Amino acid sequence: MTSPGPFRIAAAQLPITGDARLNGERVRAAMRDAAAQDARLVHFPEGMLSGYAKNPIQDWAEVNFTVVRAELEAVMALAAELRLWVVLGSAHLLTPPRWPHNSLYVISDKGKLVTRYDKRIPSHTEVTRFYTPGTEAIVFEVDGFCFGCVICVEINFPVLFMEYARLGVDCVLLSAVVDFRA
């Protein structure tokens, strides 16, 4: 089997606010930086676009999901312009009374939403106050490399990584919040 060749990933661990417009501006600036450095894919933390639950988001009523959607569309347009794949954390709104998913949007270099990973094993606080768990692994391919995704505390569950190994994944992208400065 031949190797698909070199592949450059940019990891953008940015401060996250409760303001989706500001978060979106930061995402697009990081995308431009990643593209300027010849990255093929840029990977962001959980909650990057919408704001992260617990800090700074205390209640989903604080989040304007119309703005989140507009910012997501702006990111998708820039991904197409830059010919850059994007893995972007955000809350994904569900039909009330269900809480959102803690999700990673996978956006292609054509600006299309290819798939979405929804965190399957939330923390106790997340599942009791903020998020609805997801149910399945996702796999996507870029330039011959196969990727999967996990979010934060899921790193502690080997069964998720064993599942990705069975699915033939080359790289698992772990998204987590580590910087709460705005």
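**Why these labels hold**

Me: What makes Glu71 and Arg28 a salt bridge?

Reply: Their closest N and O atoms are 2.6 Å apart. The cut-off is 4 Å between a side-chain nitrogen of Lys or Arg and a carboxyl oxygen of Asp or Glu. The pair therefore counts as a salt bridge. This is a predicted model, and every value here is computed from it.

Me: Which parts of the chain does that pair link?

Reply: Glu71 sits in helix α2 and Arg28 in helix α1 (residues 20–36). They are 43 residues apart, and the pair links distant parts of the chain. Glu71 and Arg28 are both buried. The structure holds nine salt bridges.

Me: How do you know that Arg40 and Asp109 form a salt bridge?

Reply: The closest N and O atoms of Arg40 and Asp109 are 2.7 Å apart. The limit is 4 Å, so the pair qualifies.

Me: Why does the Arg40–Asp109 pair tie together parts that are apart in sequence?

Reply: Arg40 lies in the loop between α1 and β2 (41–43), and Asp109 in the loop between β4 and β5, so the pair spans 69 residues of sequence.

Me: Why does Asp109 count as buried?

Reply: Its relative accessibility is 6%. Buried means under 20%, so Asp109 meets the rule.

Me: What makes Lys119 and Glu126 a salt bridge, and why are these residues called buried?

Reply: Their side chains meet at 2.7 Å, N to O. That is within 4 Å, so the label applies. Lys119 has 2% relative accessibility. Glu126 also has a relative accessible area of 2%. Each value is under 20%, so Lys119 and Glu126 both count as buried.

Me: Which residues do salt bridges that share partners join into one network?

Reply: The network holds Arg40, Arg83, Asp109, Lys110 and Asp143.

Me: How many aromatic pairs are there?

Reply: The count is seven.

Me: Why is the pair of Trp85 and Phe140 called stacked?

Reply: The ring centres are 6.0 Å apart, and the planes meet at 15°. Pairing needs centres within 6.5 Å, and stacking needs planes under 30 degrees apart. Both conditions are met, so the pair is stacked. Trp85 is in strand β3 and Phe140 in strand β6 (residues 140–142), 55 residues apart. Trp85 and Phe140 are both buried.

Me: What makes Phe140 and Phe147 a stacked pair?

Reply: Their centres are 5.4 Å apart, with 20° between the planes. Against limits of 6.5 Å and 30 degrees, the pair therefore counts as stacked. Phe140 has a relative accessible area of 3%, and Phe147 has 2%. Both fall under 20%, so both are buried.

Me: Which residues form one aromatic cluster?

Reply: Phe7, Trp85, Phe140, Phe145 and Phe147.

Me: Why is the sulfur of Cys146 too far for a bond?

Reply: The closest cysteine sulfur, in Cys171, is 10.0 Å away. A disulfide needs the sulfur atoms within 2.5 Å, so Cys146 fails the test. At 12% relative accessibility, Cys146 still counts as buried.

Me: And why is the sulfur of Cys149 too far for a bond?

Reply: Its closest cysteine sulfur is again in Cys171, at 9.0 Å, so the 2.5 Å limit is not met. Cys149 is buried, at 0% relative accessibility. A search of the whole structure finds zero disulfides.

Me: What are the edge strands of the open sheet, and what makes them edges?

Reply: The sheet has five strands in the order β1-β2-β3-β4-β5, with mixed pairing. β1 (9–11) and β5 (113–118) each pair on one side only, and these are the edge strands. The twist averages 25° from one strand to the next.

Me: How do you know that β4 and β5 pair?

Reply: Strand β4 (residues 101–107) shares five bridges with β5, in the antiparallel sense. Pairing takes at least two bridges, so the two strands pair. Leu104 has Tyr117 in β5 as its bridge partner. Helix α2 (residues 65–82) lies across β3 (85–92), β4 and β5. The helix runs at about 175° to β3.

Me: Why is His101 called buried?

Reply: His101 has a relative accessible area of 8%, under the 20% limit, so the residue is buried. His101 is in strand β4. Beyond its neighbours within four places in sequence, its contacts include Ser90, His92, Arg116, Asp118 and Tyr131.

Technical notes: Residues are numbered from 1 along each chain as its sequence is written. This is a predicted model: local features need pLDDT of at least 70, side-chain atom pairs count only at pLDDT 80 or more; totals for chains, interfaces and linings use all residues. Side-chain values use heavy atoms; hydrogens and water are left out. Helices (H or I, at least four residues) and strands (E, at least two) are DSSP runs, numbered from the N terminus. Axes are lines fitted to C-alpha atoms, for helices over the stretch in contact, and angles run from 0 to 180 degrees between N-to-C directions. Contact means heavy atoms within 4.5 Å. Buried means under 20% relative accessible area, exposed over 50%, partly exposed in between (1.4 Å probe, protein chains only). Rings of Phe, Tyr and Trp (its six-membered ring) pair if their centres lie within 6.5 Å; planes under 30 degrees apart count as stacked, over 60 as edge-to-face and the rest as tilted.
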